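Please open the structure below in your viewer and keep a selection tool at hand, since each stop of this tour begins with something to pick.

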Amino acid sequence: MTPLQPTTAEFDSSPTSDADPPARSLSLWRELLGTFLVMLLFSWLGIDLSRHSEGVATIWFSNGLLFAIIIRRPRAIWPWFFLIGLIADTLADVIYGDRFLLALGVSVANSIEVILASLLLTQWFGQPFKLSRLRPLVGFLIVAVVVGPLICSFLGTFWLMIFQTTGPWWQMVRTWYLGDCLGMAIVAPLVYILQRPGFFTVLQPKQLPKTLLSLAIPATATFVVFHHDHDPLIFAIYPALLFVVFRLGFPGAVLSVFVMACTAISLTVTGHGPLMLIPNSTMLHRIVVVQIFLAVGLFTSFPVAALLEQRQRLLASLEKSEARYRELANIDALTGQGNRRAFDERLNAEWLRSNATSQHLAILSIDVDLFKTYNDIYGHLAGDVCLRRIATSIADALLCCPSAKLFRLGGEEFAAVLPGVSAEEALSIADLIRRSVLSASIEHSGSPIGRQSVSIGVASTTPTTDVSVLTLLELSDQALYRAKRLGRNRVEAAETPPSEDNHPLPEYHLHS
């Protein structure tokens, strides 16, 4: 009979290309050795299990195990893993007492199944193969679970009948096929999710209680149903399985089906469960029924889980896109700073917050001096470059105030919102901005000073319910117009609103 191979350890992906060749070679040999030992162990255990269930391989693990190990690795190293799998399967059969040629032929049939499934699925769905996606999952169920085991069972049965006298060939094919089919369908997804990044988050302390509680439900349902010998209650397991699918997604579906398979098969083999109610049934008949039951469970739950994961990925993508579009809607495309919409939202929000906390709020209205003349002289493309350099200079100067935010209101107009900044501090920051722009040394032959400069109007207050945010904005604009009227390249301060408790700001002029 075909050897069996269940669960697996988590194997690392192939060595990175930047590792030196000796390190890559050593890592590969370690992986091959680990794969060989795991496959040898579970091949032997699978054969032993079949001996205790009247020679019936209830579930054949080795093919699913090898498929899941290689499917995430480069094709260049696949032959090594195929060879290791062939040797492990053959050696396990020989250790258990089968003749070498018989064991070798059975192992070749198993290898053909894995090779066929691996090549076709990666060719059609790309590499690395993403088993939890709906289309690759459907392809996996058709190619690796249905077609591959069918080919393997025909080849293996033909070879087995050469060396042994067996029952009807169709019965042998059916028995072999169901064990292979179930093993590939359960073990391959299990090993796949064990290798998937982020899987073990469900086992972290915060998630572990939820995971164990969710898995306990189908495990308990399966145990109760298959320990009960008086009524056929198999249907009662499926609601518990679907509950886990909706709670834990694809990993939960895989783990649940694995737990259900272990429980149902072990109790059936030991003579318990509703399948004992089948009149005149043999062990082979009961095992076939439990295999069909598990196959229906996984063919039902896996696509549902894949659809849920696809839906979650779509929602996450939509949320990411929505956040990106919201961000773009508030960003000035030329300078990368906030735009007028973002300025209005931020100013209103800071006004309300400052009103509630009785903190200062300052606004800087900034205008690029003689920018129309700059465009006339150097052209609009150069003007765009000029605006970007000025935005960078202003942003650099604002680094001294972590709470400050710069915005481009349109054209050559900028504004900065400075929460928690007093009038005197705002004036100091404004002059720092003016000097920073000058130090950028942007040539401007149409300016009296030969360089590009900015004019800045400063307004600051402690917001109250008696004063509108528009008043503060108007005051900063008035201060800006005064700075431009008095010769540009200046910082001018506005008077505080009449209802402000502070003393009015003194007249303040800064220029080169």
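The stops below take in salt bridges, a pair of packed helices and some backbone features. Bear in mind throughout that this is a predicted model.

**Salt bridges**

Side chains of opposite charge can pair when their charged atoms come close. How many salt bridges does the structure hold? There are 13 of them, and the next selections visit some of these.

Begin by selecting Arg73 and Glu31, which form a salt bridge whose closest N and O atoms are 2.7 Å apart. This pair links distant parts of the chain, for Arg73 sits in the loop between α2 (62-70) and α3 (78-95), while Glu31 belongs to helix α1 (residues 21-51), 42 residues apart from it. If you add a surface, keep in mind that Arg73 and Glu31 are both buried.

Move next to helix α10 (residues 340-357) and select Arg341 together with Glu345, which lie four residues apart in that helix, about one turn. Their side chains meet in a salt bridge with an N to O distance of 3.5 Å. Glu345 is partly exposed, its relative accessible area being 44%.

Now pick Arg346, Glu350 and Arg353 in one selection; what you will find there is a network of salt bridges that links these residues.

For the last of the salt bridges on this tour, select Arg482 and Glu492, where the closest N and O atoms are 3.5 Å apart. Because Arg482 lies in helix α14 (residues 469-485) and Glu492 in strand β5 (residues 490-493), the pair ties together parts that are ten residues apart in sequence. Is each partner buried or partly exposed? Arg482 is partly exposed, with a relative accessible area of 23%, whereas Glu492 is buried, with a value of 0%.

**A pair of helices**

Two packed helices are described by the angle between their axes and the distance between the axes. Select α2 and α3 and show them as cartoons: they pack at an angle of about 160°, and their axes are 10 Å apart. Since angles over 145 degrees count as roughly antiparallel, α2 is therefore roughly antiparallel to α3. Viewed as a crossing, the passage of α2 over α3 is right-handed.

To see which side chains take part, display Ser62, Asn63, Leu66, Ile69 and Ile70 on α2, and on the side of α3 the residues they meet, namely Trp78, Phe81, Phe82, Gly85 and Asp89. Coloured by type, the residues of this contact divide into six nonpolar, three polar and one charged.

**Backbone features**

Most residues other than glycine have a negative phi, and most peptide bonds are trans. The remaining stops show exceptions to these habits.

Select Gln127 and Pro128 and display the backbone, where the peptide bond from the former to the latter is cis, with omega near 5°. Pro128 is placed in the loop between α4 (100-125) and α5 (134-163).

Go on to Leu370, in the loop between β1 (361-368) and α11 (371-378), a residue other than glycine whose phi is positive, near 50°. Leu370 is partly exposed, at a relative accessible area of 24%.

Finish at Asn489, which also has a positive phi near 50° although it is not glycine. Where does Asn489 lie? Its place is in the loop between α14 and β5, and Asn489 is buried, with a relative accessible area of 5%.

Definitions and conventions
Residues numbered from 1 in each chain as written. Predicted model: local features only at pLDDT ≥ 70, side-chain atom pairs only at ≥ 80, totals over all residues. Heavy atoms only, no water. Salt bridge = Lys/Arg side-chain N within 4 Å of Asp/Glu carboxyl O. Helix = DSSP H or I, 4+ residues; strand = E, 2+ residues; numbered from the N terminus. Buried < 20%, exposed > 50% of the residue type's maximum accessible area, 1.4 Å probe, protein only. Axes fitted to C-alpha atoms, helices over the stretch in contact; angles between N-to-C directions. Parallel < 35°, antiparallel > 145°, perpendicular 65-115°, else oblique. Left-handed = near helix turned anticlockwise from the far one by under 90°. Contact = heavy atoms within 4.5 Å. Nonpolar A, V, L, I, M, F, W, Y, C, P; charged D, E, K, R; others polar.
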